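User: Can you walk me through this one? I'd like to start with the charged pairs and then move on to whatever you find worth a look.

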Amino acid sequence: MKKRDYVSVASAVIILASFLIPDFVHIKPTRISSAVSVSAGECLREYYDLFVISILLLIVLTTVKCRKSILNFLAGLYVDLLLAFLILMIVTVSKENLLINGTARLSFGVGQIMAIAGLYSIILKCEEYIQTMWMKVFVSVSGWLLIMLFLLNGLLDQYSIMQEYLAAKSQFFNYVTAHLKLTFWAVFAAVVTGIPLGYLCYKSKPFDRAAVIGLSIIEVIPQLALFAVIRIPFIVLSNSVPVLKEMGIGGYGFAPAFTALFLYSLYLMMHNSRAAFSCVDPQLIENACAMGMDSKTVFFRVQLPAAMPVILNGVRISLMSAIVGASLSSFVGAASLGIYIVNGINALAIDLQMLGVIPIFFLAVMADLGMTLIIGRLTYKRV
Amino acid sequence: MEERKCAKEIIILFGLLIITIFGFPKVTYQLYELFNMTNVYNSSNLKLSLLTLTWEHIVMSFFGCLFSIMIGLTVGVICTTDFGKEIKVLIEKLMSLSQAVPTIGLLAVLVPIFGFGVVPGAIVLVISGIMPVVFSTITGLENVPAHLLEAGRGLGMSGWELFFRVKVPSAVPVIIAGIRTTSVIIVGCATLAAITGAGGLGIPIFSAGIRGFNPVKLLEGTIPVTLLALLVDRMFAYAEVKAVKKFGSGM
C-alpha cells in the first residue's frame with residue numbers, strides 16, 4: 001500500500017513559500033526602537049540557495065517517504081538538522097554581514113514562524129509513522145537538543161529572548177527555582193491531602209455532597225480572582241495575629257500564592273482521585289474480601305494500585321496547570337517567572353514577556369512529558 | 001429527577017445573580033465599614049455600574065463561546081473524516097500545547113499585535129477555551145457504537161445520512177459535555193481580558209484586587225463572575241441531561 005503523506009508534503013511547500021515572504025525576521029537595534037523586517041534572502045545571503053535546495057530535497061523526501069518506518073526516521077532526522085541550522089544560520093550570517101551588531105536583537109517574523117511550524121509538523125508526522133520506540137524519541141528530541149547546544153555555546157545570543165536573558169541572567173535562575181518551588185509545594189500538599197479526601201468522598205455520601213459544592217466553586221472561580229480573593233483572609237489574619245505578621249505571612253508574597261495554587265490543585269486532585277476510586281471494579285474488591293483480606297489490606301493491595309493510573313494522571317494535570325497558573329502569582333507578589341510577564345505587560349515589551357512565557361511553556365511541557373513517561377512505565381508494569 | 005434538580009439550581013443561581021447585581025451597590029458602604037475602610041468609599045469615584053460590567057462580560061463570553069464552539073466543532077469534525085485523519089496528530093498536539101501557554105502570556109503577545117481592545121481578548125478566549133470542544137467532538141464521533149453504524153449501513157444509508165442520522169445524535173451528549181467545560185473556562189478567562197481593555201467584570205478584580213487592595217471592589221467583581229460561571233455550568237448540565245434522555249448515553 002503506497003499512501004503518500006500529503007500533510008508533510010504540504011508543510012514542506014509551506015516552508016518553501018515562507019522563504020518568499022518579505023517579513024522573515026525582525027531586526028531591532030535596541031529593545032525600544034521599531035523593528036525592521038528582513039526577508040529570508042537578505043538575512044541568509046550566500047546560504048539562501050543552499051537552504052532552498054535542501055527544502056526542495058525535503059519536498060522530494062516527503063513525497064517518497066510514504067509510511068515506511070525507516071524512511072520516516074531519516075526524514076525526521078533531516079528535518080531536525082534543518083530546523084536547528086535554520087535557526088543558527090540566520091544569526092550567524094546576519095552577524096557576518098553586519099546586519100546586526102552586538103546589542104541588536106532578532107525576533108521571529110511571520111516567515112520564520114511559518115517555517116518553524118512547518119518543520120515541526122513534519123517532525124510530528126514522521127514520528128507518527130515510526131514504529132520503533134527509540135527512533136521515535138530520537139527524532140523528537142534531537143532537534144531541540146541541537147538548539148539547546150547552540151544556546152549553551154552562546155551562538156544564538158542575538159535572538160531577542162536571549163538578549164533579555166543575558167540582561168536578567170543574575171536573577172533568572174532564582175526565579176526559575178522560586179517558580180518550581182512554589183508549584184512543587186502546592187502540588188505536593190494537594191496530593192497529600194487530595195487523595196485521602198477523594199477516598200473520603202468515595203466512602204461517605206454526605207461528605208461527598210458537601211465537597212462537590214465547594215469544589216465546583218473553586219473550579220468556576222477565575223484563577224486571577226482566586227489569587228486576589230485569597231488575599232482577604234490573609235490580610236485579616238495577619239492584622240489580627242501579630243505572630244503571623246512577624247513571620248512575614250500577609251496579603252502579599254508566598255503565602256497567598258501558595259494557598260491559591262494549592263486550592264486549585266486540590267480541586268483537580270480530589271476530583272480525580274474520587275473518580276479513580278469509584279471506577280475500581282467492585283468485583284475486584286469482593287474477590288479480595290473473599291480471599292480473607294481485611295479492609296486495610298484491601299485498600300493498599302487492591303484499591304490503591306487499581307486507582308493509581310487515574311490518580312497519577314490527576315497529578316500530571318494538576319502539575320501542569322499549577323506550573324502555568326503560577327505565572328499569575330507575581331500579581332500577588334510571590335517570586336515566579338510570571339514577574340517577567342507582569343513587567344513586560346507594564347512596559348509593553350514583548351521580548352521581556354517572552355522571557356516569562358517561553359520558560360513556563362517549556363517547564364509545563366517537560367512536566368507533562370515526564371509524568372506521561374512515569375505513568376506509561378507504571379501501567380506497563382501492572383498489566 | 002435530575003432534570004428537576006438542575007432546573008431548580010438554575011433558577012436559584014439566576015436569582016442570586018440578579019440580587020447581587022442590584023443589591024451589591026446598596027450594601028457597599030456597610031461592607032467598607034466591615035473592612036474598616038470607609039475613607040476608601042468616599043475617595044473611590046470609579047462609578048461603572050455592576051449591570052454594565054456584567055452585561056459586557058456576558059456579551060464577551062457569549063461571543064467567545066460561539067466562536068470556540070464553531071471553530072472547535074469544525075476542527076473536530078474535520079479530524080474524524082478520512083482527509084482529516086492525517087492532520088489529527090497535529091491538531092491534538094497543537095491543542096495540548098495551547099494548554100501549556102499561560103493565558104496572560106498570550107495576552108502579552110497579542111496586545112502589541114492587535115492593540116488594546118476587544119480583539120486580543122476575544123482571540124485569547126478562543127485559544128484558551130477551544131480544547132475541550134475539539135477533543136469531545138473527536139471522542140464523541142469516534143466512539144459511536146459499532147453496531148449502530150452497522151445497522152445504519154444495513155438500512156442503506158449514504159455517508160452523509162450515516163453522519164447526521166447516526167453519528168451526530170450519539171455524539172451529542174459527549175459534545176455538550178465538552179461545550180460545558182469550554183464555556184466555564186471562557187467565563188473565567190474573560191476576567192483576564194480586562195487587562196487588554198476589553199471590559200467586563202475583570203475590571204474591578206484587576207483594578208482593586210491586584211493593583212492596590214480593595215476587598216469590596218474585589219468581591220464586587222468576583223461574586224458575579226462566580227455566579228455567572230456556575231449558572232452557565234448548570235445550564236449546560238441541564239442540556240446534557242436532556243440530551244442523554246433523548247439520544248441515550250452516547251458512548
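**Salt bridges, interface and helix packing**

Analyst: Counting over all chains, the rule gives 16 salt bridges. Bear in mind that this is a predicted model.

User: OK, how far apart are N and O in the salt bridge of Asp5(A) and Lys65(A)?

Analyst: The distance from N to O is 2.6 Å for the side chains of Asp5(A) and Lys65(A). Asp5(A) sits in the segment before α1 of chain A, while Lys65(A) belongs to helix α3 (residues 48–65) of chain A, so this salt bridge ties together parts 60 residues apart in sequence.

User: And how many salt bridges go across the interface of chain A and chain B?

Analyst: Two, by the rule. Glu86(B) makes a salt bridge with Arg67(A), and their closest N and O atoms are 2.6 Å apart. There are also three residue pairs in polar contact across the interface, both residues being at pLDDT 80 or more.

User: Which helix gives the most to the side of chain A that touches chain B?

Analyst: That's α17(A), with eight residues. Other helices of chain A that each supply at least two residues there include α5 (110–129), α9 (205–220) and α15 (295–325).

User: What's the mix by class on that side of chain A?

Analyst: You get 28 nonpolar, five polar and six charged residues.

User: How much area is buried between the two chains?

Analyst: About 3400 Å², and carbon and sulfur atoms give 81% of that. In chain A, the residues that lose the most area to chain B are Val220(A), Leu224(A) and Ile232(A), which together make up 17% of what that side buries. As for residues in the contact, 39 come from chain A and 39 from chain B.

User: Switching to chain B. How many helices and strands does it have?

Analyst: Chain B has 10 helices and zero strands. Its C-alpha atoms fill a box of roughly 75 × 50 × 25 Å along the principal axes.

User: At what angle do α3 and α8 of chain B cross?

Analyst: Roughly 140°, with the axes of α3 (residues 50–80) and α8 (residues 159–189) coming within 10 Å. The crossing of α3(B) past α8(B) is right-handed.

User: Which residues meet there?

Analyst: From α3(B), the contact includes His57(B), Ser61(B), Gly64(B), Cys65(B) and Leu73(B). Among the α8(B) residues they meet are Phe163(B), Ile175(B), Thr182(B) and Val187(B).

User: How many charged residues are in that contact?

Analyst: None: by class, the contact of α3(B) with α8(B) has nine nonpolar and six polar residues, and no charged ones.

Terms used:
Residues are numbered from 1 along each chain as its sequence is written. Chains are lettered from A and ligands numbered from 1 in the order in which they are written. This is a predicted model: local features need pLDDT of at least 70, side-chain atom pairs count only at pLDDT 80 or more; totals for chains, interfaces and linings use all residues. Side-chain values use heavy atoms; hydrogens and water are left out. Axes are lines fitted to C-alpha atoms, for helices over the stretch in contact, and angles run from 0 to 180 degrees between N-to-C directions. Helices (H or I, at least four residues) and strands (E, at least two) are DSSP runs, numbered from the N terminus. A crossing is left-handed if the near helix is turned anticlockwise from the far one by less than a right angle, and right-handed if clockwise. Contact means heavy atoms within 4.5 Å. Ala, Val, Leu, Ile, Met, Phe, Trp, Tyr, Cys and Pro count as nonpolar, Asp, Glu, Lys and Arg as charged, and the others, Gly among them, as polar. Buried area is the accessible area (1.4 Å probe) that two parts lose on being put together, summed over both. A salt bridge is a side-chain nitrogen of Lys or Arg within 4 Å of a carboxyl oxygen of Asp or Glu. A polar contact is a pair of N or O atoms within 3.5 Å; within protein, one must be able to donate a hydrogen and the other to accept it, and residues adjacent in sequence count only if both atoms are side-chain atoms.
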